[in-house]
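Here's a quick briefing on what packs the inside of this protein and which charged pairs turn up in it. Have a look at the structure first, then read on.

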Amino acid sequence: MHVLKALIVTSTLTFPALGQLDKWAKAAGLKYFGTAVDNPSLNNQAYMKIVRDTDEFGQITPANGQKWSNTESGQGRFSYGTGDAIANVPKQTGQLLRCHTLVWYNQLPSWVSSSFGRDQMQRIITSHIQNVAGHYKGQCYAWDVVNEAMEDDGKFRQSPMYKAMGVDYITHSFKTAAQTDPGAKLYYNDFNIERCCNAKINATLAMLKTVIAAGARVDGVGMQGHSRVGKSPSKRELKDTMAAFSQLVDELAYTEIDIRHTKLPTTAADREQQAKDYLEVVGACLETPKCVGITVWDFTDQYSWIPGQYSGEGEACLWDKSLNKKPAYTSVISLLQSAASAGLRKTPAPTAPASIVMTATTATAGRGLFATAEGPTITTLSTSSQNS
């Protein structure tokens, strides 16, 4: 889309940053612009004033409060205090609540990591989803039902759930979630599935075909979008990936966007590059009809997870630690305004890119497709590594 390419070039320089993110995202045709919020930030009044600004953010995601370790630390003993503390915010403001996450290999209580047989694990997953999704029934616009099931090499992650049930744990999770909270959009969410094209993307496509063919309802794919300044995916790569996922599901979203500097302190040139990288993501979503929204994985460096995970890296968010807006914020607002004015969402549905090609084996959805931990056979015409 040549118009949006021109807007990306000029947005950091010529358009005033009027209004707020969600207001202009909706004007541009998206459903929301949102942010993750974690419990330690709830007592920060200046921070929460921004969170509660419905022109700024139209959707809230609990960063950790709804995860298994916080909701069922002991088998059959459920607690919702941390999740409810964040879910109560959109109840008061009218923002969407995007719920995260039901089944994930990480942040599990020790009892889930024990060795269970297939039937035992199925009962454990059923109970967990029925209780947690049941508690939030009717509140969640969407659920990340299964999170990060695939390794970067295209093999299944050897989680306790996969070891016990194979790929059927994913199918069962989606079926149970659909029965428990039928009004919520049901997502598969993962990282390193943004940049076309790699083994993980192809394996994820094949996995989703298998799960859907087995009768599960999968409404959306969430692409997390943790990347590095200057090494982030291009808009073209992002659009090619979304075109492939668009063939399988009704909607797509960027669910955990942050773009981190790998060297601190930053320069003006670094911050300008970060702004351009954010524009690639927002532009790709705007140019993909099934992309419904963007969520930043917290909006301020004050609460970013990056420094704790990647030593010496950070400043990945749209606001700095002092809640000042960065050039990336100004650029994103300008692009959204320009897209709203140009009516860029009036585009045809995407077609699958030629750069993602699966063999007949992987393209055929069947229950026995991933019988071993080796995963599917992948044929990829072009590959590029994703930064996370």
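Glu237 is a buried residue, at 18% relative accessible area, and that puts it under the 20% cut-off for "buried". Keep in mind that this is a predicted model. Glu237 has a charged partner in Arg195, and that pair is a handy way into the rest.

**The Arg195–Glu237 pair**
- Arg195 and Glu237 make a salt bridge, with 3.0 Å between the closest N and O atoms.
- What does this pair tie together? Arg195 sits in the loop between β5 (185-190) and α9 (199-213), while Glu237 belongs to helix α10 (residues 235-246), so the bridge links parts that are 42 residues apart in sequence.
- Arg195 is buried too, with a relative accessibility of 8%.

**Other salt bridges**
- How many salt bridges does a search of the whole structure find? The count is 14.
- Helix α10 holds another pair: Asp240 bridges to Arg236, and their closest N and O atoms are 2.9 Å apart.
- Asp240 and Arg236 are four residues apart in that helix, so about one helical turn separates them.
- Asp240 counts as buried, at 16% relative accessible area.
- Asp152, Asp190 and Lys200 belong to one network, joined by salt bridges that share partners.
- Arg217 and Asp219 also pair up through their side chains, at 2.8 Å from N to O.
- Buried or partly exposed: where do these two fall? Arg217 is partly exposed at 30% relative accessibility, whereas Asp219 is buried at 7%.

**Nonpolar cores**
- Nonpolar side chains in soluble globular proteins tend to be buried together.
- Here, the largest nonpolar core takes in 96 residues.
- Which residues have the most contacts inside that core? They are Leu21, Phe33, Trp143, Tyr169, Ile170, Phe174 and Tyr254.
- The biggest contribution to this core comes from helix α11 (residues 268-286), which supplies eight residues.
- Apart from the largest core there is another one, made of six residues, including Tyr32, Tyr141, Ala142 and Tyr187.

**Around Phe174**
- What does Phe174 touch, once neighbours within four places in sequence are set aside? Its contacts include Val145, Val146, Leu186, Tyr188, Val211, Ala216 and Val218.
- Two more names on that contact list tie back to the topics above: Tyr187, a member of the six-residue core, and Arg217, the salt-bridge partner of Asp219.

Definitions and conventions
Residues are numbered from 1 along each chain as its sequence is written. This is a predicted model: local features need pLDDT of at least 70, side-chain atom pairs count only at pLDDT 80 or more; totals for chains, interfaces and linings use all residues. Side-chain values use heavy atoms; hydrogens and water are left out. A nonpolar core is a set of buried Ala, Val, Leu, Ile, Met, Phe, Trp, Tyr and Cys residues joined through side-chain atoms within 4.5 Å. Buried means under 20% relative accessible area, exposed over 50%, partly exposed in between (1.4 Å probe, protein chains only). Helices (H or I, at least four residues) and strands (E, at least two) are DSSP runs, numbered from the N terminus. Contact means heavy atoms within 4.5 Å. A salt bridge is a side-chain nitrogen of Lys or Arg within 4 Å of a carboxyl oxygen of Asp or Glu.
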